[in-house]
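Student: I have a model open on my screen and would like to learn how to read it. Could you walk me through some of its features?

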Amino acid sequence: MKKNNRSYFKDEDIFKLIAEKAPVLVFLYRSKILYANPYAINILGYSEKELKNKFVWDIVHPDFTLLVKETIEKRLRGEQIHREYTELPVKTKKGEFKIFRLYATTVRLKNGYGGLAVGVDITKEKELEKRLYEEKEKLETVLTHIHEIISVIDKKGLIKYISPAVEKILGWKVDELIGKLFIKFIHPEDLRRPFFVKREVFSRAGELFTDEFRVLTREGHYRWVEANMLLPVNWKNLGIEGPIVSMRDITEKKLAQESVFKAIYYDPLTGLPNRILFLEKLKDALRNSSLKEDFVGIAVLDIVRFKDINTLHGIRVGDLLLKEIAEKLSSVLRERDVLGRFFADEFGIILSGVKGYTGLIRVLEKIKSVFDQPFIIGDKYIYVNVCIGISVFPKDDSDAEHLLRKAELALSKAKELGAGSYAFFSSEAEREITEIAILRSLLKDAVRNGEIRVYYQPIFRLRDMKITGLEALARWEHSELGLISPAKFIPIAEEMGIIVEMGYCISDTAIRDLSLLHSEGYKNLYVSVNFSSKQFLEKDLIKRIENNLQVYEMIPESFIIEITESTAMKDPEKTKELFKELKRIGIRTAIDDFGTGYSSMSYLVEFDIDKIKIDKSFIKKIEENPKAENVVKAVIHIASSIKSSSLAEGVENNTTLLKLKDLGCDEAQGFFLAPPMDFDSLKKFLERYEGH
Ligand code: C2E
Ligand code: CA
Ligand code: CA
């Protein structure tokens, strides 16, 4: 071993070579520094001599003095201590600190142990880091204190960042939100808003999206926010996961808007829509109804001598009365009807989805019935009388404002007629309504007076043109009004609730007439009777028919119950049960006007149907429209598939008849073959026909 005071290692040359050249700090030390490389001397600013005279722990930051001292003492005792990448501030001659990332280890020196430290100057990096940290702190402080939530949402919709302000605004802690789906915090009704569904922002970086929606608070309420959403163009380079969303609480503004909205569109006393909103709602109703070809009734209602009530009882009572009237009116109207208040004592009502004038009258009577009883305000009983003016869409007009004005014109007409009256705008409506009103009053006695007659239309078997049966069709024979069509009075009877009794009277007559025909030799004829839904679903139906048949000693097979598809589908399960029961007894069933209503194929299979009557609208078109012919063909096919027979209604000429024969239809009826006729004419017809 070479004896040399200045040599520390065996491979001293290599060590020196590296240490002298490398841009890193190299120290070899015991308590004091034994060797410092030129880089270290240069960067720290001490002379070599100065440096060698210092205890190592004296040139480190005071926070580390103790640690360094202890470590060195351990090294000197030969303890192997490795420190990798500790960050150590070292004092320069100027008294500043340079931070080194150090690698230090215990080394064996010629005369005992010491330490070797190699360090990279990271002062600049550290400063940058510190500056960044300070910037971040500043930003966080700003983000905490501005009244806006900043968030970053990634492609999966997860919240990657949310600013601390969220706690103040929504109550959530940042940690409770990070990593959660953003849309989970949005009001369900607002989810359809465009920028959430479409991931548009990702394809349109740099573009600003703005929207308003409600977000959930920690307490379970919602607050309105206005959100601006933007994906920075260079988002990927910036390491941002997705768009930056900034949300501003606009709840107060929204509430204010709402109250403005209320002030503009609602009557403050009753809370009902005012005339402006009423008109808007009317426009909506007209749009919807024109699609469905429904009626809309517009009624304007005025309280008779409301001023007197005010003068007599005081304005406060007057107000309470108006509120009470509004409430009572609402209670008789259906969900979709709209009630509004225009001026002091004028109310407006939109009645949509009304089926014809009969339906309209019914609602009007319900409305009028509100005023049958006195209103009780405090200890006062106040009788109120009203006049009502009505216009009807689409008959009177198709424009909302015109319709309302026409209803108001009708109101002045009603006022002329006197307290408690109503008037329609058009004279045609007036006529129809009057007619219905007259028919209603007369129909009450029609059954008792024996004015309901039964006509019969023969039904022919196409195979051999034999008459197989008769359809019973009701007629009302009034001494002054003449013969009234069932299309007119059946709906009224139905609505008045007298259809059931009337129906039994008709089927009773039909069975009696049929028994007469049977006894005269027309043994194989059946009679087919129409039943409306109220009749069909009536609980005693089967018992009473069965009873009737027994009285006249008729076999059940000679009776057919005809119902339409819509009657059958009103309560499909019940229909299925009834059909099964009828089948058990032997009474036959037919589906009337097939193809015009809605019926489900699956029920068609489940119901036990004997006959399908193809609606006359298809039969009429069979000649000119090949599509109609195909439909008829298909229905005939369906009928045979479910083992029922097919019957064509409304045969009006020979061509149609031949076509139906061709298509394999089983039976037919129609003006061309024979019109509906009274019993005497029928008997004559049968005699003549059988004679041929
Ligand atoms: P519906 O059951 O479809 O009756 C067939 C209607 O077609 C009858 O009208 C009949 O006179 C008519 N008709 C017959 N042949 C032809 C033809 O070749 N061409 C045309 N265009 N029509 C023809 P009606 O007697 O006026 O009866 C109308 C509707 O009133 C019936 O339609 C039925 O739904 C109902 N109705 C009739 N009588 C009763 C009844 O006793 N009870 C119930 N609930 N409804 C009845
Ligand atoms: Ca029928
Ligand atoms: Ca029919």
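Student: Where does Asp 593 lie?

Tutor: Asp 593 lies in strand S23. Please keep in mind that this is a predicted model.

Student: What is the sign of phi at Asp 593?

Tutor: Start with the general idea: most residues other than glycine have a negative phi. Asp 593 is not a glycine, yet its phi is positive, about 50°. Lys 643 is another case, with a positive phi near 60°. Lys 643 sits in the loop between helix H26 (626-641) and strand S25 (645-648).

Student: How do I judge whether Lys 643 is exposed or buried?

Tutor: Look at the relative accessible area: under 20% is buried, over 50% is exposed, and partly exposed is in between. Lys 643 has 77% relative accessibility, so it counts as exposed. Asp 593, at 22%, is partly exposed.

Student: Which peptide bond is cis?

Tutor: In general, most peptide bonds are trans. Here the bond joining Phe 393 and Pro 394 is cis, with omega about 5°. You will find Pro 394 in the loop between strand S16 (386-393) and helix H16 (400-417).

Student: Let's turn to the metals. Which residues coordinate the calcium ion written as ligand 3?

Tutor: To read a metal site, list the donor atoms and then see how their residues are spaced in sequence. For the calcium ion (ligand 3), Asp 592 and Asp 593 each give an OD atom, and Glu 649 is listed twice through OE, at 2.1 to 2.6 Å. The spacing of these donor residues is D-D-x55-E.

Student: And which residues coordinate the calcium ion that is ligand 2?

Tutor: The donors of the calcium ion (ligand 2) are Glu 471 (OE), Asn 530 (OD1), Glu 562 (OE) and Asp 592 (OD), at 2.1 to 2.3 Å. Their pattern in sequence is E-x58-N-x31-E-x29-D. Glu 471 belongs to strand S19 (residues 466-478) and Asp 592 to strand S23 (residues 588-594), so this pair ties together parts that are 121 residues apart in sequence.

Student: Which residue bridges the two calcium ions, ligand 2 and ligand 3?

Tutor: Asp 592 is the bridge, and the two ions lie 3.8 Å apart. Asp 592 is buried, with a relative accessible area of 7%. Glu 471 is buried too, at 4%.

Student: How many residues surround ligand 1?

Tutor: For a ligand, begin with the surrounding residues and then look for polar atoms. Ligand 1 is surrounded by 22 residues, and the closest are Gln 457, Arg 475, Asp 592, Glu 652 and Phe 671. So Asp 592, which bridges the two calcium ions, is also among the closest residues to ligand 1.

Student: Which polar backbone atom is 3.0 Å from a nitrogen atom of ligand 1?

Tutor: That one belongs to Ala 474. A nitrogen atom of ligand 1 is also 3.5 Å from a polar backbone atom of Ser 532. On the side-chain side, an N or O atom of Lys 620 is 3.4 Å from a nitrogen atom of the ligand.

Student: Now the wider picture. What domains does the assignment give?

Tutor: The domain assignment gives domain 1 (12-121), domain 2 (127-255), domain 3 (268-433) and domain 4 (446-690). Taken over C-alpha atoms, the centres of domain 2 and domain 4 are 69 Å apart.

Student: Which residues touch the most other members of the largest nonpolar core?

Tutor: They are Phe 347, Val 384 and Phe 559, in a core of 118 residues. Helix H19 (residues 499-519) gives the most to this core, with 9 residues. Domain 3 (268-433) and domain 4 (446-690) both supply residues, so the core lies between them. A second, separate core has 26 residues, including Val 166, Ile 169, Val 225 and Trp 235.

Student: What does Phe 559 touch beyond its sequence neighbours?

Tutor: Leaving out residues up to four places away in sequence, Phe 559 touches several residues, among them Ser 507, Ile 511, Phe 531, Leu 549 and Arg 588.

Student: One last residue: is Asp 337 buried or exposed?

Tutor: Asp 337 is buried, with a relative accessible area of 9%. Its place is in the loop between helix H14 (315-332) and strand S12 (338-341). The side chains of Asp 337 and Arg 334 are joined by a polar contact of 2.7 Å. Leaving aside neighbours within four places in sequence, Asp 337 is in contact with Ile 350, Leu 351 and Ser 352.

How values were computed
Residues are numbered from 1 along each chain as its sequence is written. Chains are lettered from A and ligands numbered from 1 in the order in which they are written. This is a predicted model: local features need pLDDT of at least 70, side-chain atom pairs count only at pLDDT 80 or more; totals for chains, interfaces and linings use all residues. Side-chain values use heavy atoms; hydrogens and water are left out. Donors are N, O and S atoms within 2.8 Å of the metal (3.2 Å for Na, K and Ca); water is not among the atoms, so sites may look incomplete. Buried means under 20% relative accessible area, exposed over 50%, partly exposed in between (1.4 Å probe, protein chains only). Helices (H or I, at least four residues) and strands (E, at least two) are DSSP runs, numbered from the N terminus. A polar contact is a pair of N or O atoms within 3.5 Å; within protein, one must be able to donate a hydrogen and the other to accept it, and residues adjacent in sequence count only if both atoms are side-chain atoms. Contact means heavy atoms within 4.5 Å. Domain bounds come from an automatic or database domain assignment. A nonpolar core is a set of buried Ala, Val, Leu, Ile, Met, Phe, Trp, Tyr and Cys residues joined through side-chain atoms within 4.5 Å. A residue is near a molecule or strand if one of its heavy atoms lies within 4 Å of it.
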